[in-house]
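Open your viewer and get ready to click along with this tour. At each stop you will find something to select and a short note on what is there.

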Amino acid sequence: MAPLAVNLILGWWLVAASRAQQLPRPSLSLHPSQGVSLGDTVTLRCHVPRLAAWVWLYREGGWFYSKGKGKEQDVAEFSFVSTKREHADRYWCQYRVSWSEEASEKSDPVELVLTDLRYPPSSISLHPEQHVGTGTNVTISCWNKDYGATFLLHKDGSSDPLQRQDSSGGDTATFTLFGVTPADSGTYRCSYHPKNYSFLSAPLGDSMTLEVTPSPAPPGAELVSRGNLVVAVVRGCAAVLIFGLGVFFVIDARSLWIRRDESLGGKGIEWH
């Protein structure tokens, strides 16, 4: 039984040591991260520990690339010098260190979306109008005949689309901004993914600017505010007056009590 116990303990120790040395997960990034058109150069960077490693880049479509990495490097780069339609896809990376057969987990995915300038841009409209007050519901419509499958709403200054919507076989998508505030002011545009091409995008369309202004105070609000101020002042004065009268009566009562005591002390006390 002793050898069996030793083997079990040794096996447990090896499993624990293996888990303790589990390889850190890599990360994958795109450069540039957005605004890449067909024919542009794009680089995918797999960030890994500073160890000699073999790095794989996987594409959801099925194929993959592999590359060795030196000890002094903490990143492996994969570049597409002139991007094509087949490069538009979802990617992961993974690595293996030189002294082990164990491979790391795959990184989180990144999506390489390429803009195809051959597709016409979409149109945009705002309802009820471009200048609205705070709290208004604003509807933004995007449309494009024959091409649009999934429409995206963009706002200048935001890196990611604000909303996306499937046109469900039509050529129009409607986005609603509920109860807008001045923070919603800005320039909006639309783009779309053509049918059957989830990682291809049409160029950004024409822009429309939304201006949200604070709603004016309702009629009579200023009078109500002034009335409230007057009531508050009167209440404050009344409180001060009541407090002052209370203090006065306490002091007066104490003075009378002292005089009464002095009067009794002056006459003395007679015993019978």
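Start by selecting D89 in this predicted model, and show the residues around it. Leaving aside neighbours within four places in sequence, D89 is in contact with R59, E60, G61, V110, E111, L112 and F199. Now show side chains: that of D89 makes a polar contact with the side chain of R59, at 3.1 Å.

Is D89 buried or exposed? D89 counts as buried because its relative accessibility is 7%, and buried means under 20%.

**Next stop: the strand and its core**

Colour strand 7, which runs over 89-97; this is where D89 has its place. Then move on to the largest nonpolar core, a set of 24 residues. Which of them have the most contacts inside this core? Select L28, L44, L57, Y91, Y95 and L112 to see them. At least two core residues each come from strand 1 (27-31), strand 3 (42-47), strand 4 (53-59), strand 6 (75-80), strand 7 and strand 8. Strand 7 supplies the largest share, 4 residues.

Now pick out L28 and look at what surrounds it. Not counting residues up to four places away in sequence, L28 touches L44, R45, C46, L57, Y91, W92, C93, S107, D108 and V110.

A second core, separate from the one you have just seen, has 20 residues. To find it, select I124, L126, V132 and C142, which are among its members.

**Next stop: the largest pocket**

Turn on a surface view and look for the largest pocket, with a volume of about 880 Å³. Which residues lie closest to its centre? Select Q34, V113, H154, S159 and P161, out of the 35 residues that line the pocket.

Try colouring the lining by residue type: 14 residues are nonpolar, 14 are polar and 7 are charged. Then highlight strand 8 (110-112), strand 13 (148-155) and strand 16 (186-194), each of which gives the lining at least two residues. Strand 13 gives the most, with 5 residues.

**Last stop: the whole protein**

Zoom out and switch to a cartoon view. You should find 2 helices and 18 strands. Across the 272 residues of the protein, 29% count as buried, and D89, where you began, is a buried residue too. Finally, consider the contacts with a separation of 6 or more: 62% of them are between residues 24 or more positions apart.

How values were computed: Residues are numbered from 1 along each chain as its sequence is written. This is a predicted model: local features need pLDDT of at least 70, side-chain atom pairs count only at pLDDT 80 or more; totals for chains, interfaces and linings use all residues. Side-chain values use heavy atoms; hydrogens and water are left out. On a 1 Å grid over the protein atoms alone, a cavity is a set of points where a 1.4 Å probe fits but cannot get out, and a pocket is an open set with protein on both sides within 12 Å along at least five of seven lines; lining residues have an atom within 4 Å of a point. Grid points are joined across faces, edges and corners, and a volume is the space filled by probe spheres set on the points. Ala, Val, Leu, Ile, Met, Phe, Trp, Tyr, Cys and Pro count as nonpolar, Asp, Glu, Lys and Arg as charged, and the others, Gly among them, as polar. A nonpolar core is a set of buried Ala, Val, Leu, Ile, Met, Phe, Trp, Tyr and Cys residues joined through side-chain atoms within 4.5 Å. Buried means under 20% relative accessible area, exposed over 50%, partly exposed in between (1.4 Å probe, protein chains only). Contact means heavy atoms within 4.5 Å. A polar contact is a pair of N or O atoms within 3.5 Å; within protein, one must be able to donate a hydrogen and the other to accept it, and residues adjacent in sequence count only if both atoms are side-chain atoms.
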